[in-house]
Structures are given as C-alpha cells and as structure tokens.
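The following paragraphs give a guided reading of a protein model, intended to be followed alongside the sequence and the coordinates.

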Amino acid sequence: MRTAYLLLLLTVVLTSALTQAETAVPHTVEDDTPAEFVTDCESAMGSSPDLKEIQAGSLKGYMEGYLKPDALPDSLKLLAAPPKKNSAAFALDVAIAEDNLALQGSSRWDLATRDADLDFPTASGIYSCALGVQINQENTPKLYTLLRRSLTDAGLATYRAKNHYQRPRPFTQNGKPVCTPEIETALREDGSYPSGHTSVGWAWALILSEIAPERQNQILARGIAYGESRNVCNVHWKSDVQAGFVMGSATVARLHSDPIFRADLRAAATEVTALRTGDSSLNMNCVQEHEALRH
C-alpha cells in the first residue's frame, strides 16, 4: 500500500510539473516556429509624431518635455549652496578657471564653442562620434525626439537653484572672453549655478549609454568632457558643472518613471541597433573632436 501511495503521489507531482512547463512555453505559430517571449508588456506608444515646439516665453523653439513642472527634480532641495567667496572650494573654482584661460583659441576651445550650441539640428550631433552613429532627424528620428524632449526637462530642472542663488559667472569676475560673445549679455542675467548645459549633456550621456551599452565608456567620457566645455568657455565655475552632473542624473532617474519616455527609449535603441548592425556608411569626421579631447 505504501508503494502504491508513493507512486500515486509521484504521478500527481509530475503531472503538475508538466502542466506548469507547458504553460511556460510560448505558443507556436502554424509553421512551428516558436514565438518570442514578450519581455515588455508596456505600450509602445511613445511621443506623438506631431509634437509641437513651445511657442512663447524663454523656451520658445524648444520641444515640450516629458515631465510636468511639478514632477521636475528640485535643484534647490538637491544641491547645497554654491561655494562662498572666502572658501577653499571657491579658491579651487578660481584656479581651474584661470587654468582654462590658456585653452582660448585652441582646438579644445573650438570644440567647447560647438558644444555651447544646444539649438537643433546642430545639437543632435554632439554625441554622434561617441555613439558611432550619426544622430539626426533623418537617420534617427526617434532618438532625435528623445534628445529634444529630455533637453527641456534637464535644463528646466536647474532653474530653481539658478534663480535662487543668481551666482555670477567666471567671465564677470576675470573679464576674459567667452565662447559665445553674442549671448554674453543674456549669460550675465542667467545664474551660473548649476550649469544647465551640463545637466542636459550629462542626461544625454546617461540615456545614450543605456541605448548603446557597448559604447558606454566613450559616451560617458564625452559627457564629462561636455561639462568641462563650460569651464573652457569661461561661463561656468567647476562647482557649477559638478552640480549640473547631479541634476542631469536626477532628471534621468525621474524620466524613467514616465511610460512615454520609456517607449521612446526603446524605440531609439532599436533605431541605433539597426544602424550599427547594418554597418551603414555614416560619413562622420571625428578626427577633430578626438584631437581636441586629447588636450
């Protein structure tokens, strides 16, 4: 009787295990080719194809971000106050600013000048060499939209602290040139701490390193250099740039809670993968950028 009972129990266990295994195997289509597992049940509905640019105010010409104003990271809560003028931290800011003055007129100065332009379509190419794919509206329309929308979020995330501290920029203290003299007046009226450009550039670096993890080191190194371009341009102190890295990171962390952002991120990754595996000729000239970053 004990043997019969054990056999019966074993039969029940095996039947249950087989039933569970059958439910775990995906259904096959008629040609017996196994269907792929669904790895992400989220909607693929990303940004609307007719998303409009902002038409009024200081953000005119920029694309609407993913986050509502009350969902943006609060730079005033996340950042300490900028260094005081009699502090060791400010002395370091001044020393680094003075060191960077020697780069004016160099290839690194030229790259920093190009990095300063966050208007599209020019800005879309900042990370093309690091990514190994020419980023533009024609080649990578999903990524193009992703960068435009996240720019608005990462830039706006810096403004509570910018407006509160109204920190003067380096060129107002040392009287030396900036990369973009045509907007010097506007820069004088815009707080230096934290760096909005750095927040945007670092947010993009994090997003792109997620899209192409095999290029992570190149992309993140370019993101660090992008922040340093603000020091080279004599428009931000080192501590401004460091705070910008914090706000870029905070913005990307918050963006990941947005389903439309996540859908755009997946679509952009598919776009980039297709271009990289297709070995298409992108006709990129990265020699000047690599040479500038060497110095």
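Helices are here DSSP runs of H or I with at least four residues, numbered from the N terminus. The model is a predicted one. By this assignment serine 128 belongs to helix 5, and the protein as a whole contains 14 helices and 0 strands. The order of elements along the sequence therefore reads α-α-α-α-α-α-α-α-α-α-α-α-α-α under that definition. Of the 295 residues in the protein, 42% are counted as buried. Among the contacts with a separation of 6 or more, 79% are between residues 24 or more positions apart.

The interior may be considered next. In soluble globular proteins, nonpolar side chains tend to be buried together. In this model the largest nonpolar core has 38 residues, and the members touching the most other members are Tyr127, Leu131, Leu143, Leu146, Trp204 and Ile211. Two or more residues are given to this core by each of helix 5 (128-131), helix 6 (141-156), helix 10 (196-211), helix 11 (216-232), helix 12 (238-255) and helix 13 (259-277). Helix 10 provides the largest share, namely 8 residues. Tryptophan 204 shows what such a core position touches: neighbours within four places in sequence aside, its contacts are Leu118, Phe120, Ala123, Ile126, Tyr127, Leu147, Ser150 and Leu151. A second core, separate from this one, consists of 9 residues, including Phe171, Cys179, Leu187 and Val232.

Buried positions also include polar and charged residues. Serine 128, with a relative accessible area of 2%, is buried. What does its side chain reach at 2.9 Å? The partner of serine 128 is the backbone nitrogen of isoleucine 135.

Arginine 149 is located in helix 6. Its relative accessibility is 6%, and because buried means under 20%, arginine 149 counts as buried. Apart from neighbours within four places in sequence, arginine 149 is in contact with Ser47, Leu51, Met63, Glu64, Gly65, Tyr66 and Ile260. Within this group, the backbone oxygen of glycine 65 is reached by the arginine 149 side chain at 2.7 Å. Arginine 149 and leucine 67 are 82 residues apart along the chain, yet their C-alpha atoms are separated by 9.2 Å.

Arginine 169 lies outside the helices, in the loop between helix 7 (159-165) and helix 8 (170-174). Is this loop residue buried or exposed? Arginine 169 has a relative accessible area of 3% and is therefore buried. Residues up to four places away in sequence not being counted, arginine 169 touches Lys162, Leu187, Asp190, Gly191, Ser192, Val235, His236 and Trp237. With histidine 236 there is a polar contact of 3.2 Å between the two side chains. Leu187, a contact of arginine 169, is also a member of the second core. The C-alpha atoms of arginine 169 and tyrosine 193 are 8.5 Å apart in space, the two residues being 24 apart in sequence.

Finally, one helix pair may be examined. Helix 4 (residues 107-115) packs with helix 14 (residues 287-294) at an angle of about 115°, the axes being 8 Å apart. The crossing of helix 4 with helix 14 is left-handed. On the helix 4 side the residues that meet the partner are Ser107, Arg108 and Leu111, and on the helix 14 side they are Glu289, Ala292 and Leu293. By character, the residues of this contact comprise 3 nonpolar, 1 polar and 2 charged.

Technical notes:
Residues numbered from 1 in each chain as written. Predicted model: local features only at pLDDT ≥ 70, side-chain atom pairs only at ≥ 80, totals over all residues. Heavy atoms only, no water. Core = buried A, V, L, I, M, F, W, Y, C linked by side-chain atoms within 4.5 Å. Buried < 20%, exposed > 50% of the residue type's maximum accessible area, 1.4 Å probe, protein only. Contact = heavy atoms within 4.5 Å. Axes fitted to C-alpha atoms, helices over the stretch in contact; angles between N-to-C directions. Left-handed = near helix turned anticlockwise from the far one by under 90°. Nonpolar A, V, L, I, M, F, W, Y, C, P; charged D, E, K, R; others polar. Polar contact = N/O pair within 3.5 Å; in protein donor to acceptor, adjacent residues only side chain to side chain.
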